[in-house]
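Colleague: Please take me closely through one sheet of this predicted model, together with whatever packs on it, and then set it beside the other sheet and the open and enclosed spaces that can be described.

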Amino acid sequence: MPETIIELNNVWKTYYMGNNEVHALQGISLKVKKGEFVAIMGPSGSGKSTAMNMIGCLDVPSKGEVYLSGKDIMNMSESNLAQVRGRKIGFIFQKFNLINTLTAKENVILPMILQDMTKQERELKAYEILKLVDLTDRMNHRPNELSGGQQQRVAIARSMAMNPEVILADEPTGNLDSKSGSTVISFLKKLHKEKGTTIVMVTHDEHIAHNAERIEYIKDGKIEKVKHNK
Amino acid sequence: MYKIMASKLNRRIKEYFMLAVANLFHRKLRSWLTMIGIFIGIAAVVSLISLGQGMKDAIFSQFSALGSDNIIIQAKQATFGPPGSSAANPLTKDDRNIIKKSRGVELVATRLIKAVQLDFDKKTFFRYAATFPDDSDGRNFLIERFKFKIEKGRFIEIGEKNKIIVGQNYAAEPVLDRELRVGDKLSINKKEVEIVGILAKTGNPQYDRTIFLNEEALREIINLEDRIDIIIAKTSNEEDVEQVVETIKKNLRNHRNVEKDKEDFEVQTSQQLISSLGTILTIVTAVLVGIAMISIIVGGVGITNTMYTAVLERTKEIGIMKAIGARNSDVLLIFLMESGLLGIVGGIIGVCLGIALSKTVEIIAANALGSELIKASFPPVLIIGALLFSFLVGAISGTSPAIQAAKLKPVDALNQE
Ligand SMILES: Nc1ncnc2c1ncn2[C@@H]1O[C@H](COP(=O)(O)OP(=O)(O)OP(=O)(O)O)[C@@H](O)[C@H]1O
Ligand SMILES: [Mg+2]
């Protein structure tokens with residue numbers, strides 16, 4: 001039985017907009033186990049991104065618990081949580097979210113700096129990963145000198161920097177044409193297969209979702225149904 | 001454990017420093033504009049202090065030429081001006097004799113310093129005339145102490161009435177069409193005199209524009225009778241200077257019939273004179289530096305403003321950094337580095353500018369005014385202090401924006417557009 005890396009237990013998230021309450025999450029429960037490839041689907045505004053933020057410990061629930069490797073994140077200090085997040089979780093966003101003042105290589109190196117990796121280690125590692133995503137010829141370019149597909153590959157490389165246990169991808173193909181999109185997906189699949197990295201991916205595309213072993217359907221901030229592929 | 005943490009912190013500081021440099025370069029124009037306030041302020045502070053210090057050094061060396069065993073006696077002044085000019089109760093020859101007879105006094109030299117009207121070549125101008133005593137002991141003492149040297153011609157002899165020597169600056173007096181030469185005749189308060197010598201440069205701008213003549217000669221020209229502006233007393237070697245000062249004070253009080261602490265005259269050692277001048281200079285410098293500080297404060301506010309803007313602009317970036325593992329303390333450090341860097345780069349430019357400025361003032365003063373009193377001096381403490389200070393101003397100004405950046409919640413920062 002593989003261990004559970006992230007667990008949401010009856011998580012609520014409520015936003016207050018003036019006098020209005022928006023319940024983005026309404027008691028969602030979800031387990032992500034080591035080595036899984038999970039897709040999350042659901043209509044717009046159903047709470048997918050909010051749920052991903054919880055899974056990635058970027059946000060804290062209004063109610064309910066989030067466990068990271070069995071530890072309640074509410075009991076972790078800010079600096080400890082940040083360090084653990086940096087080591088265990090890699091993020092890929094719909095809008096790439098690279099740092100524009102840094103080159104592709106520097107973007108990949110940044111998480112390593114934050115984890116105190118030495119300079120030689122970093123250089124070596126960054127080159128290795130960029131080779132994996134086929135970008136060694138672009139590694140000294142800044143994001144605005146790269147195509148969307150290339151930027152997303154840099155983001156994938158960055159998410160791999162610390163060999164995380166989990167990669168969280170919120171609509172990674174949302175801003176890409178279908179060709180770049182399928183390249184990105186194929187990289188994620190490769191990571192999952194070859195390195196056994198756990199992957200959680202939000203997508204609107206049923207076809208893309210079928211790459212996952214399991215699809216969680218969210219509606220109104222709750223899991224509506226779960227579908228196992230194969 | 002502690003060692004590992006320290007070395008990690010060290011490494012991070014180095015990395016963040018590079019990040020900060022990259023960011024400042026990315027926003028070149030704004031970085032420059034932000035630094036203006038700091039570097040103007042630092043430049044002003046550095047040049048003011050260096051000139052103030054230089055002046056103090058120059059005055060100190062001028063007066064120490066007088067020797068510390070000398071005592072200077074003047075009548076109390078009603079207003080500012082050359083010694084004795086506005087004294088209610090000037091010193092007289094009787095006072096001189098009292099001082100001369102005081103215990104511990106080896107010899108005395110008297111001086112008159114008066115503004116006079118000079119006429120030469122149909123031009124009229126006003127200058128100070130200073131005198132040499134008409135006794136050889138006093139005269140030799142003065143010449144030796146002030147290091148007067150003749151460049152052209154000769155000194156005036158004791159008793160000569162219509163002969164003068166002039167300071168170096170008369171060689172190129174701007175009022176006149178040509179320089180004054182040995183043998184020229186000019187008139188002092190309408191009385192004709194002849195130049196017999198020109199002094200070598202003394203380094204003191206006052207002396208270099210003064211004319212010198214015998215005391216009795218000046219007395220006759222402006223009807224001074226027996227008043228004296230300054231008396232300089234040389235103490236004999238074995239005497240304690242402070243003791244002699246007290247003796248002179250007591251004798252003068254008796255002679256002039258005044259009570260203690262109500263003296264209408266001043267008795268100072270050259271040491272005291274230096275230190276009181278030094279104090280005045282320090283106060284003047286401090287006031288000017290205080291004004292320059294305002295510029296630095298304004299510069300600091302500029303840094304705060306720039307850093308707040310940077311936090312707003314880079315909210316998303318902060319969110320990304322936090323998502324990929326940056327702790328609050330990392331974000332804080334990165335932003336502090338950036339503002340500190342703004343401060344210290346401003347400081348470096350300011351120090352260079354300040355050095356250039358005070359050197360320029362020094363050169364202008366030396367060439368145009370012939371003054372060697374204005375000299376720039378740069379003690380290492382000043383340079384290092386200025387740099388440290390500018391870094392601190394930067395870091396302190398950036399503290400509040402950096403804290404704001406550090407406290408951003410990752411998800412909120414990420415969702416910023
Ligand atoms: N910061 C916020 N403040 C207020 N309401 C929010 C905030 N973030 C999300 N919401 C609301 O919470 C609900 C869920 O949002 P979320 O972004 O999770 O949806 P989503 O499933 O990711 O949608 P999409 O497919 O469009 O990305 C929405 O109704 C949204 O308006
Ligand atoms: Mg979303």
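Modeller: Contact here means heavy atoms within 4.5 Å, and an angle between two axes runs from 0 to 180 degrees between N-to-C directions. The model is a predicted one, and with those terms in place I begin with the sheet of chain B. This open sheet is built from 4 strands in the order 3-12-1-13, and its pairing is antiparallel. Because strand 3 (105-111) and strand 13 (265-269) of chain B each have a single partner strand, they stand at the edges, and one side of each is left without a neighbour in the sheet. From one strand to the next, the twist averages 20°.

Strand 13 of chain B deserves the closest look. Its pairing with strand 1 (residues 70-75) of chain B is antiparallel and extends over 5 bridges, and within it B:Gln268 serves as the bridge partner of B:Ile72. Although strand 13 of chain B is an edge strand, 4 of its 5 residues are buried, so it is largely enclosed by the rest of the structure. Helix 7 (residues 241-256) of chain B lies across strand 1, strand 3, strand 12 (230-235) and strand 13 of chain B, and it runs at about 170° to strand 13 of chain B.

The sheet of chain A can be set beside this one: 6 strands form an open sheet in the order 6-7-8-3-9-10, with mixed pairing. Strand 6 and strand 10 (222-228) of chain A take the edge positions with a single partner strand each, so one side of each has no neighbour in the sheet, and here the twist averages 20° from one strand to the next. Strand 7 of chain A pairs with strand 8 (residues 198-202) of chain A in the parallel sense over 5 bridges, and A:Val166 has A:Thr198 of strand 8 as its bridge partner.

Two strands of that sheet lead on to an open space. The second largest pocket, which holds about 660 Å³ of space, has 28 lining residues, and A:Ser49, A:Asn53, A:Gln94, A:Asp170 and B:Asn415 lie nearest its centre. The elements that give two or more residues to this lining are strand 2 (20-33), helix 1 (48-55), strand 6 (89-92) and strand 7 (166-170) of chain A, together with helix 12 (410-415) of chain B. Helix 1 of chain A contributes the most, with 5 residues, and by class the lining comprises 11 nonpolar, 11 polar and 6 charged residues.

As for enclosed space, the structure holds 3 cavities of 30 Å³ or more, and the largest has a volume of about 120 Å³. It is lined by 13 residues, with B:Asn23, B:Arg314, B:Glu317, B:Met321 and B:Ile334 closest to its centre. Helix 1 (2-26), helix 9 (315-323) and helix 10 (328-369) of chain B are the elements that give two or more residues to the lining of the largest cavity, which divides into 9 nonpolar, 2 polar and 2 charged residues.

Terms used
Residues are numbered from 1 along each chain as its sequence is written. Chains are lettered from A and ligands numbered from 1 in the order in which they are written. This is a predicted model: local features need pLDDT of at least 70, side-chain atom pairs count only at pLDDT 80 or more; totals for chains, interfaces and linings use all residues. Side-chain values use heavy atoms; hydrogens and water are left out. On a 1 Å grid over the protein atoms alone, a cavity is a set of points where a 1.4 Å probe fits but cannot get out, and a pocket is an open set with protein on both sides within 12 Å along at least five of seven lines; lining residues have an atom within 4 Å of a point. Grid points are joined across faces, edges and corners, and a volume is the space filled by probe spheres set on the points. Ala, Val, Leu, Ile, Met, Phe, Trp, Tyr, Cys and Pro count as nonpolar, Asp, Glu, Lys and Arg as charged, and the others, Gly among them, as polar. Two strands pair if DSSP finds at least two bridges between them. Buried means under 20% relative accessible area, exposed over 50%, partly exposed in between (1.4 Å probe, protein chains only).
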